Amino acid sequence: MRLLFLGDVVGRSGRDAVIAHMPMLRDRLDPDLTVVNGENAAGGFGITVKIAEEFFAAGVDVVTLGNHSWDQKELVAAIDQQPRIIRPLNYPEGTPGRGFVLLQARGGRKVLVMNVMLRLFMDPMDDPFAAVERVLRAHRLGPNGADAILVDVHGEATSEKMIMGHFCDGRASLVVGTHSHVPTADHVVMKGGTAYLTDAGMCGDYDSAIGMKKEVAMAKLIRKLPTERLSPAEGEGTVCGCYVETDDRTGLATSIQPVRLGGRLSQSMPVRG
């Protein structure tokens with residue numbers, strides 16, 4: 001299978017970049033599944049159902065979230081009717097929404113996508129490793145199970161993300177980090193066959209402070225002045241993420257390549273195997 005994952009979409013710049021590049025990505029890579037982290041898509045804070053539907057119309061299959069899941073209050077009431085928008089699965093019991101989705105890809109193949117939030121330097125959450133373990137035990141990768149499993153790991157600490165990658169190695173097709181808004185260069189197929197990337201980076205304007213207007217952030221951090229609320233930078237966005245190919249027999253990864261298109265960063269367009 002061919003899996004495409006795009007990192008945190010920040011504001012209109014990020015949304016426009018994703019939607020503009022999706023036709024070319026679909027034509028060149030022909031992904032069986034496309035996942036986008038959309039937790040900063042609405043003005044840098046949360047996501048609305050309307051924005052999620054724009055992503056779906058562009059060819060995105062699943063939207064994942066993170067610590068900004070509820071910044072747009074409308075989603076609290078709407079998420080239970082949106083099975084393809086998933087929030088971190090280790091929110092406390094009773095939280096609206098779901099933390100994973102099992103959906104059918106082309107050819108009747110089953111793909112599981114889960115979203116989990118880590119705890120170092122983040123909000124206190126239920127144990128992310130126990131939460132992931134429960135899902136992986138119920139939905140095993142390979143024959144008679146899921147044909148592919150993708151895990152969006154939303155967290156601050158690179159060490160904790162790496163441990164989650166090792167924890168899932170051999171049991172997931174892809175473990176990819178989000179939240180840092182900076183693409184890392186450690187894409188690798190791990191020893192057990194799981195593709196791993198510490199952070200996919202953001203889809204947004206990199207002439208910024210992790211997607212937000214740099215002038216406001218500078219005034220706040222350097223001069224300690226009261227400032228207006230942070231808002232997304234509005235220049236040309238870069239689309240960042242990764243592209244993974246898997247073995248149809250096992251569901252494990254055979255390759256992982258970075259995606260960086262448009263905007264200010266060095267460009268990287270995957271080549272389909």
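Glycine 59, placed just after helix H2, takes a positive phi of about 115° in this predicted model. Glycine 59 is also one of the residues that line the second largest pocket. Helix H2 itself spans residues 49–58, and its buried residues are Val49, Ile51, Ala52, Phe55, Phe56 and Ala58. The cover over these buried positions includes helix H1, strand E3, helix H3 and strand E4, the last of these at residues 85–86.

**Nonpolar cores**

The largest nonpolar core has 35 residues, and those with the most contacts inside it are Leu6, Val18, Ile47, Phe55, Leu75 and Val239. Two or more residues of this core come from each of strand E1 (2–6), helix H1 (11–29), helix H2 (49–58), helix H3 (74–78), strand E11 (239–246) and strand E12 (253–261). H2 gives the most to this core, with six residues. A second, separate core consists of 23 residues, including Leu3, Phe5, Leu103 and Ala253. In soluble globular proteins, nonpolar side chains tend to be buried together.

**Surroundings of Leu75, Ser69 and Pro96**

Leucine 75, one of the residues with the most contacts inside the largest core, touches Ile47, Val49, Leu65, Ser69, Trp70 and Ile85 once residues up to four places away in sequence are left out. Its partner serine 69 is found in the loop between strand E3 (62–64) and helix H3.

Is serine 69 buried or exposed? Serine 69 counts as buried because its relative accessibility is 0%, and buried means under 20%. The side chain of serine 69 reaches the backbone oxygen of glycine 66 at 2.5 Å. Leaving aside neighbours within four places in sequence, serine 69 is in contact with Glu39, Leu75, Arg87, Pro88 and Tyr91.

Proline 96 lies in the loop between strands E4 and E5. Its relative accessibility is 24%, so proline 96 counts as partly exposed, a class that lies between the limits of 20% and 50%. Not counting residues up to four places away in sequence, proline 96 touches Trp70, Val76, Ile79, Asp80 and Arg87. Trp70 is thus listed for proline 96 and also for leucine 75, while Arg87 is listed for proline 96 and for serine 69. Proline 96 and serine 159 are separated by 63 residues in sequence and, C-alpha to C-alpha, by 29 Å in space.

**Helix H4**

Helix H4 comprises residues 128–138, and its buried residues are Pro128, Phe129, Ala131, Val132, Glu133, Val135 and Leu136. These buried residues pack against strand E5, strand E6 (110–117), strand E7 (148–154) and helix H5 (158–168). At the N-terminal end of H4, aspartate 127 acts as a cap, with a side-chain oxygen 2.9 Å from the backbone nitrogen of phenylalanine 129.

**Cavity and pockets**

Rolling a probe the size of a water molecule over the atoms shows where empty space is left. The count comes to one cavity of 30 Å³ or more, and the table sets the largest cavity beside the two largest pockets.

| Space | Volume | Residue classes in the lining |
|---|---|---|
| Largest cavity | about 40 Å³ | six nonpolar, two polar, one charged |
| Largest pocket | about 300 Å³ | seven nonpolar, seven polar, three charged |
| Second largest pocket | about 190 Å³ | four nonpolar, three polar, five charged |

The lining of the largest cavity is made up of Pro183, Thr184, Leu197, Ala200, Cys240, Gly241, Pro258, Val259 and Arg260. Strands E11 and E12 each supply at least two residues of this lining, and E12 gives the most, with three residues. E11 and E12 are also among the elements that give two or more residues to the largest nonpolar core.

The largest pocket is lined by 17 residues, of which His68, His181, Ile210, Met212 and Leu230 lie nearest its centre.

The second largest pocket is lined by Arg26, Asp30, Pro31, Asp32, Leu33, Thr34, Gly59, Asp61, Leu103, Gln104, Ala105 and Arg106. The elements that give two or more residues to the lining of this pocket are strand E2 (33–37) and strand E5 (100–104). Leu103 belongs to this lining and is also included in the second nonpolar core.

Terms used:
Residues are numbered from 1 along each chain as its sequence is written. This is a predicted model: local features need pLDDT of at least 70, side-chain atom pairs count only at pLDDT 80 or more; totals for chains, interfaces and linings use all residues. Side-chain values use heavy atoms; hydrogens and water are left out. A nonpolar core is a set of buried Ala, Val, Leu, Ile, Met, Phe, Trp, Tyr and Cys residues joined through side-chain atoms within 4.5 Å. Buried means under 20% relative accessible area, exposed over 50%, partly exposed in between (1.4 Å probe, protein chains only). Helices (H or I, at least four residues) and strands (E, at least two) are DSSP runs, numbered from the N terminus. Contact means heavy atoms within 4.5 Å. A polar contact is a pair of N or O atoms within 3.5 Å; within protein, one must be able to donate a hydrogen and the other to accept it, and residues adjacent in sequence count only if both atoms are side-chain atoms. On a 1 Å grid over the protein atoms alone, a cavity is a set of points where a 1.4 Å probe fits but cannot get out, and a pocket is an open set with protein on both sides within 12 Å along at least five of seven lines; lining residues have an atom within 4 Å of a point. Grid points are joined across faces, edges and corners, and a volume is the space filled by probe spheres set on the points. Ala, Val, Leu, Ile, Met, Phe, Trp, Tyr, Cys and Pro count as nonpolar, Asp, Glu, Lys and Arg as charged, and the others, Gly among them, as polar.
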